[in-house]
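Reader: I have a structure open on my screen and would like to know how its descriptions are justified. Could we go through the reasoning together?

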Amino acid sequence: MSESTPVFADGLGRRVVRLDSAEAAPVEHLLLSPDLASHAGFTAALGERVAKLHGRRLTAYARVQRVDTDGPGGVSVVSEYVKGWRLADLLDVAESENLTLDIGVVMLLLRQLLPTAALLSTQIRDAASGALGPEHLLLTAQGRLVLTDYVFGGAIEALGWDADQLWKRLRIATPPGPSGKAVSQRGDVVQVGVTVLSLVAGRRLRDDEFPERLEGLVSSARQKTPAIIDAPLSPGLRDWLMRALQLAPKSFEKLFDAQMALERLLSSDSALLAQPAELDQAVARFERFMP
């Protein structure tokens, strides 16, 4: 068996690609961090969710195959290997190389993300991912978004961590307020909002920017188009983002609500939406800098 160096690491653990034989398809192993692997409630809830979703049809999801014990105290989540780049890595490259994404390209990605993320609740009633940030999304060379780490909802709940711990240790965003839950329909909406804000800003959000500085980040955010090099966010997009982040009246309760509002916005402001070829060009521009 051959194994790659870690292809990505975050608070959940480190991911490696393994090949059992020359004939076998490669698979990705997420080797859980020791504190999560040793948490009985976390691993039990994880195993339950993996079993419940086994065989379900989830298009544009990296299919989870099983949970393995990797040795004494070691636990890994085995998934199909999808060739692509984590949005988190792309954002890190964007920041270091001063690369930007046109707002139209961000909207193309968002139009993929919203309906895809909402698929999970069609398989298990009212189910939520709980992990929809840049660390848990892949972008392929063909410009397709793929969701990973969608089996952790119940496991995240089992940790009993507060919003600050979830953000700083796992980069999982929680809706504001005492009743806000990361693993909820509103939690998924907030996490999509954080992803969009990160793409607009061209970098990952810092430890101290969620949740206290979100409103300021939205207010100061700039949008770029081929015709306009730099401008404030359009009022409609700023309103949509504030509602997604649960910072405005009539905030979105579900991903479907956010999706319908986005389509209304794009139909009234076509300048916000790029052509598919522009997404291809953006991917090709980033690909030169990616491993």
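Reader: How do the residues of the lining of the largest cavity divide into nonpolar, polar and charged?

Author: Happy to start there, with the reminder that this is a predicted model. The lining of the largest cavity holds 14 nonpolar residues, two polar ones and no charged ones. The volume of this cavity is about 130 Å³. It has 16 lining residues, and Leu90, Leu101, Leu139, Leu199 and Phe286 are the closest to its centre. Leu and Phe both count as nonpolar, so these five belong to the nonpolar class.

Reader: Which elements give two or more residues to the lining of the largest cavity?

Author: They are helix H3 (87–97), helix H4 (103–123) and helix H11 (276–287).

Reader: What makes an empty space a cavity and not a pocket?

Author: The test is escape: in a cavity a 1.4 Å probe fits but cannot get out, whereas a pocket is open. Searching the whole structure turns up six cavities of 30 Å³ or more.

Reader: Which residues line the second largest cavity?

Author: Among them are Glu28, His29 and Leu30, along with Val77, Ser79, Arg86 and Asp149. This cavity has a volume of about 80 Å³. Its lining has six nonpolar, three polar and three charged residues. Asp, Glu, Lys and Arg are the residues that count as charged, so Glu28, Arg86 and Asp149 fall in that class.

Reader: Which element supplies the largest share of the lining of the second largest cavity?

Author: That is E4, with three residues. Strand E4 (27–32) and strand E6 (74–80) each supply at least two.

Reader: What makes E4 a mostly covered strand?

Author: Six of its six residues are buried, and buried means under 20% relative accessible area. Val27, His29 and Leu31 point one way, while Glu28, Leu30 and Leu32 point the other way. In a regular strand, side chains alternate between the two faces of the sheet.

Reader: How do you know that E4 pairs with E6?

Author: Pairing calls for at least two bridges, and five bridges join E4 to E6, so the two strands count as paired. They run antiparallel, and His29 has Val78 as its bridge partner in E6. E4 also pairs in the antiparallel sense with strand E3 (residues 13–19), over six bridges. There, Gly13 has Leu32 as its bridge partner in E4.

Reader: Why is the contact between Arg86 and Asp149 called a salt bridge?

Author: Their side chains meet at 3.4 Å, N to O. The limit is 4 Å between a side-chain nitrogen of Lys or Arg and a carboxyl oxygen of Asp or Glu, so this pair qualifies. Arg86 sits in strand E7 (residues 85–86), and Asp149 in the loop between strand E9 (145–147) and helix H5 (153–159), 63 residues apart. Both Arg86 and Asp149 are buried.

Reader: What makes Asp92 and Arg204 a link between parts that are apart in sequence?

Author: Their side chains meet in a salt bridge at 2.7 Å, N to O. Asp92 lies in helix H3 and Arg204 in the loop between H7 and H8, so the pair ties together parts that are 112 residues apart in sequence. Asp92 has 30% relative accessibility and counts as partly exposed, and Arg204, with a relative accessible area of 23%, is partly exposed too. Salt bridges that share partners also join Asp10, Arg15, Glu28, Arg86 and Asp149 into one network.

Reader: Why is Asp68 called buried, and why is Arg66 called partly exposed?

Author: Asp68 has a relative accessible area of 19%, and buried means under 20%, so Asp68 is buried. Arg66, with 34%, is partly exposed because that value lies between the 20% and 50% cut-offs. These two residues form a salt bridge, with the closest N and O atoms 3.0 Å apart.

Reader: Which residues lie nearest the centre of the largest pocket?

Author: Val7, Tyr81, Gly84, Trp85 and Pro291 do, out of 17 lining residues. The pocket has a volume of about 400 Å³, and its lining comprises nine nonpolar, two polar and six charged residues. Gly counts as polar, so Gly84 is one of the polar residues here.

Definitions and conventions: Residues are numbered from 1 along each chain as its sequence is written. This is a predicted model: local features need pLDDT of at least 70, side-chain atom pairs count only at pLDDT 80 or more; totals for chains, interfaces and linings use all residues. Side-chain values use heavy atoms; hydrogens and water are left out. On a 1 Å grid over the protein atoms alone, a cavity is a set of points where a 1.4 Å probe fits but cannot get out, and a pocket is an open set with protein on both sides within 12 Å along at least five of seven lines; lining residues have an atom within 4 Å of a point. Grid points are joined across faces, edges and corners, and a volume is the space filled by probe spheres set on the points. Helices (H or I, at least four residues) and strands (E, at least two) are DSSP runs, numbered from the N terminus. Buried means under 20% relative accessible area, exposed over 50%, partly exposed in between (1.4 Å probe, protein chains only).
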